[in-house]
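Hi,

Here is the structure I promised to pass on. Have a look at it first, and then read on for what I found.

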Amino acid sequence: MSAGLDAAPRTALRARAVPPPRAGRVKRRVRPPRGLKTFEFAMMAPALTVLFVLSWVPFVVLVAMSFAKVRTLGGVSLTFTGADNWSAVLGDGSIWASWARSLVYFVAIVGLEMALGLAVALVLHQLVRARSVVLSVVLLPMFLAPVLVGLLGRFMLDSTIGLYAKILQAVGLGDDLLASPSTALPTIVSIDVWQWTPLVALILLAGLTAVPPSTLEAATVDGAGYFRTLVAIILPQMKPIILVALLVRSMDAIRYFDIVVATTNGGPADATKIIPIKLYEFAFRFNNQLGKAAVLGLTMLVFSIVMARIFLRFFGDRPSVPAGDGGDRG
Amino acid sequence: MEPRTDAFSRRQLLAGGASLAALIALQACSTGDETETPKGSAGGGDPWKQFSGTAINFISENTSPSAAIAANLAPFEQLTGIKVKVQQMELDKVVEKCKLDFSSGTAQNHVIYADPYQILAPMADGLADLRPLIDSGNYPAVEKGLGDFIDTQLQATGSFIDDKKIFALPYDAPTMILHYRKDLFAKYGPRAKADLGFDPTPSDSMTWQQYLAVAKWFNENARGDVAYGIGAQAKQHDALQCDFSNVLWSFGGDYFEKGQSLGLRGSEEPGAVTVGSAAGVAAATFYRDLLKVAHPSSTTWDWTGLADAFVAGEIAMCPNWHEFAAGEEKAFPGNVGYALLPKGPARRAHIFGGTGIGINANAKGDELGAAWLFVNWATSPQTQLMSLGSKVGGGTPTRTSVYEMPEVKAEEGKSPSKFPNIRTAETVLKAWQPENIGLRPKVSQWVELDTIIFTELSKMLTRGADPAATMAAMQQQMQKAMQ
């Protein structure tokens, strides 16, 4: 590899290796947060209060519910039951099985959408003519409501009236894809991938267009081929945007609900009953089991945070702090 | 300066506070027990017009009777001046919305499609007792009285444990019967009879074993006209539990020790779970065998999917709710027959899926009064007659007087008929006989039990689980849920 290609990553590494001056941090800890007394903070206070009420109050209530038996009819009442809900949920084999399925979903959906999204973005990026027309067509699925996509999938695959089902029957694949536990899960993953790959492609396309042409030209001059340029230049520079796409899709994948409900309702044989469906059952179908739903909600939150931390660790480029910028900001 | 003296001593203040709290509690108790009977001020003395100008919401499962009501609201609005917005959706969503509505203490939806198993039993506290409204002189009387409703339906759809209270009036009465293609049986019947040694055409004497044999025969000999002999509603859904229950009961099994007696008024003490009995296992084994010869997409169909498949000509016969008759008549005019479900070793059983309409207990004042007028009108004989002939499907009456109307009697068995659903009347009236009807246990935990039942059955059908192990797992989970 030429020196020209190595220069940028090395500079970034050096910048990361230089620790920010600690004096500034110490000052910020010792001094009272001047920002809290400013006019700007006063202007932000109403919005921050709303944000606090909308996020922390439900969180605290959710935690309280997870330690209580919750009754809603005839007025909401919480009866403290200790860790009963936690032990019931954590000791329930069907919930662990559901988590395992959710993990498979998660990996399949996020992996496929990222890979296909990148492929689509690269193709779109190469298009000079008609890019906007092709982009509009490619993006169409993501404008549909997920529940509509689920219903569309259900009808297209219906063995009685479905177009896809008829095509599959014509080529000798007559089995109903949603009827068997072994095919229901991949089918639903495919439906989700069909809908949300365009979003990933759109995000990554924005990242591709942000790669400086001069860097690409330099790579070409140095004799790097397409794949070498992609792996060594383009993808490293796209790490922040890849992180955005990963976070957006992974948060969605954890909450995945609409398409499953519209197609299989968790069946057959629980093959598509992922954690959000379990949560829905506890919260809205079964009697007085909101406590267990709260436990599931909290475990989903923990899972989301863990996944976000992992992605940040691998893709999060910490901004380099120029020397001398660690001074008094506070 | 004079030392300040309090107007009330601390003791007086505490006593006063306690009295106020007691008064509020008493008030809450008194309003919670008895439904109010508000009198409207509009209409100049006309009891139907007294709530004129009020707007109410009716939430319902997307059923034929509700489609008919929604399409024919004009007479009610002319009669009362009340505006009604009808929302129709899948039953799961109705349950979810009702739960939220009842819990919030508000009445976004005033009139409720109160499924006896999924809404009435688990959420009876959220529904108003209609008895004070029925007995009040403030409103038009219930036409022909409560005695005009088919008695088992009034109990099954309207009451829960306390027989003095009525939470809903019977609104629809879907019941599972056997639907079959008469044209196919006319064409293949003689050959099938020669091969099988009995008349294959569904009749009151058919057994489940014969039904299975006919299904296999059609699979092997009639593929040119129909893909499969039978279909089932075996999706992991409430429909699977309904379909299986017919077989379970006919084999002598039941979900609880107290059996069918739990289906009318319900109970909080249904006795031991008995689904894992020898009869239960025999029923599950037979049901698995049945599904092996059924249309392979059966495990993706609920009752609507099955009805669509029947109308599309994919199957020759199936058990389904009788209210799908109108759609079938459109697809195969005069060529669909109806019969009682096959007999099992113990009896024959037809699951009753009837539902009443009730009122959200949070509804107050004019909205409560208007909601009651709507419930009264929607369950009246004239409205049921209108619903029967609706262009959008329509239901079947829950009033005995409607079945006796000359214009209704004249349409029985006719094709084409202006009341297509009444073509099933002869069969469903037999299915509603006490010895033939199948009633699910009305217990407040039913939704959870239902989920356990259809999930375990789905595992048996699609993963090949052993029937005995399936019923044992079902029994164990149901016992846990009842604790």
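Before I get to the contacts, a word on the term: two residues are in contact if their C-beta atoms, placed from the backbone, lie within 7 Å. Also keep in mind that this is a predicted model.

I'll start with helix 8 of chain B, residues 182–196. Four of its residues are buried, namely B:Leu184, B:Phe185, B:Tyr188 and B:Ala192. What covers them? The cover over the buried residues of helix 8 of chain B includes strand 5 (176–181), helix 9 (208–221) and strand 7 (315–321) of that chain.

This helix isn't straight, either. Helix 8 of chain B bends by about 55° at B:Tyr188, one of the buried residues just named. A proline, B:Pro190, follows within four residues of the bend. You can also see it in the end-to-end span: with 15 residues, a straight helix would reach 21 Å at 1.5 Å a residue, but the end C-alpha atoms of helix 8 of chain B are only 18 Å apart. Just after the helix comes B:Gly197, with a positive phi of about 85°.

Now for the sheet beside it. Helix 8 of chain B lies across strand 5, strand 7 and strand 8 of chain B, and runs at about 55° to strand 5. Those strands belong to an open sheet of 4 strands in chain B, with the order 6-7-5-8 and mixed pairing. Strand 6 (228–230) and strand 8 (336–339) of chain B each have a single partner strand, so one side of each is left without a neighbour in the sheet. Ignoring direction, neighbouring strands here are turned by 30° against each other on average. If you want a register to check, strand 5 and strand 8 of chain B run antiparallel and are joined by 4 bridges, and B:Leu178 stands opposite B:Ala339 in strand 8.

Elsewhere in chain B, take a look at B:Phe51, in the loop between helix 1 (10–33) and strand 1 (55–61). Is B:Phe51 buried or exposed? The cut-off for buried is 20 or more other C-beta atoms within 10 Å; B:Phe51 has 29 such neighbours, so it counts as buried. Leaving out residues up to four places away in sequence, B:Phe51 touches B:Gly40, B:Ala42, B:Thr80, B:Ile82, B:Asp366, B:Gly369, B:Ala370 and B:Leu373. From B:Phe51 to B:Asn138 is 87 residues in sequence and 12 Å in space, C-alpha to C-alpha.

Chain B also has a non-glycine residue with a positive phi: B:Lys144, near 65°. B:Lys144 sits in the loop between helix 6 (131–135) and helix 7 (151–158) of chain B. With 14 other C-beta atoms within 10 Å, B:Lys144 is partly exposed.

On to chain A, which has 15 helices and 2 strands. Of its 330 residues, 28% count as buried. Taking contacts in chain A between residues at least 6 apart in sequence, 72% join residues at least 24 apart.

Strand 1 (residues 68–71) and strand 2 (residues 77–80) of chain A pair in the antiparallel sense over 4 bridges. In that pairing, A:Ala68 stands opposite A:Phe80 in strand 2 of chain A. The hairpin has 5 residues between the strands, and A:Gly74 there takes a positive phi near 75°.

The loop between helix 13 (258–263) and helix 14 of chain A is worth a look in the backbone. A:Pro268 lies in this loop, and the peptide bond joining A:Gly267 and A:Pro268 is cis, with omega about -10°. A:Ala269 is found in the same loop, and its phi is near 55°, a positive value in a residue other than glycine. A:Ala269 counts as buried, with 23 C-beta neighbours inside 10 Å.

Finally, where the chains meet: how many residues does each chain give to the contact? Chain A gives 25 residues and chain B gives 31. On the chain A side, helix 14 (residues 275–285) supplies the largest share, 3 residues. By type, the chain A side divides into 10 nonpolar, 10 polar and 5 charged residues.

Cheers

Conventions:
Residues are numbered from 1 along each chain as its sequence is written. Chains are lettered from A and ligands numbered from 1 in the order in which they are written. This is a predicted model: local features need pLDDT of at least 70, side-chain atom pairs count only at pLDDT 80 or more; totals for chains, interfaces and linings use all residues. Ala, Val, Leu, Ile, Met, Phe, Trp, Tyr, Cys and Pro count as nonpolar, Asp, Glu, Lys and Arg as charged, and the others, Gly among them, as polar. The expected span of a helix is 1.5 Å times one less than its number of residues. The bend at a residue is the angle between axes fitted to the seven residues ending there and the seven starting there. A residue is buried if 20 or more other C-beta atoms lie within 10 Å of its own, exposed if 12 or fewer, and partly exposed in between; C-beta atoms are placed from the backbone. Two strands pair if DSSP finds at least two bridges between them. Axes are lines fitted to C-alpha atoms, for helices over the stretch in contact, and angles run from 0 to 180 degrees between N-to-C directions.
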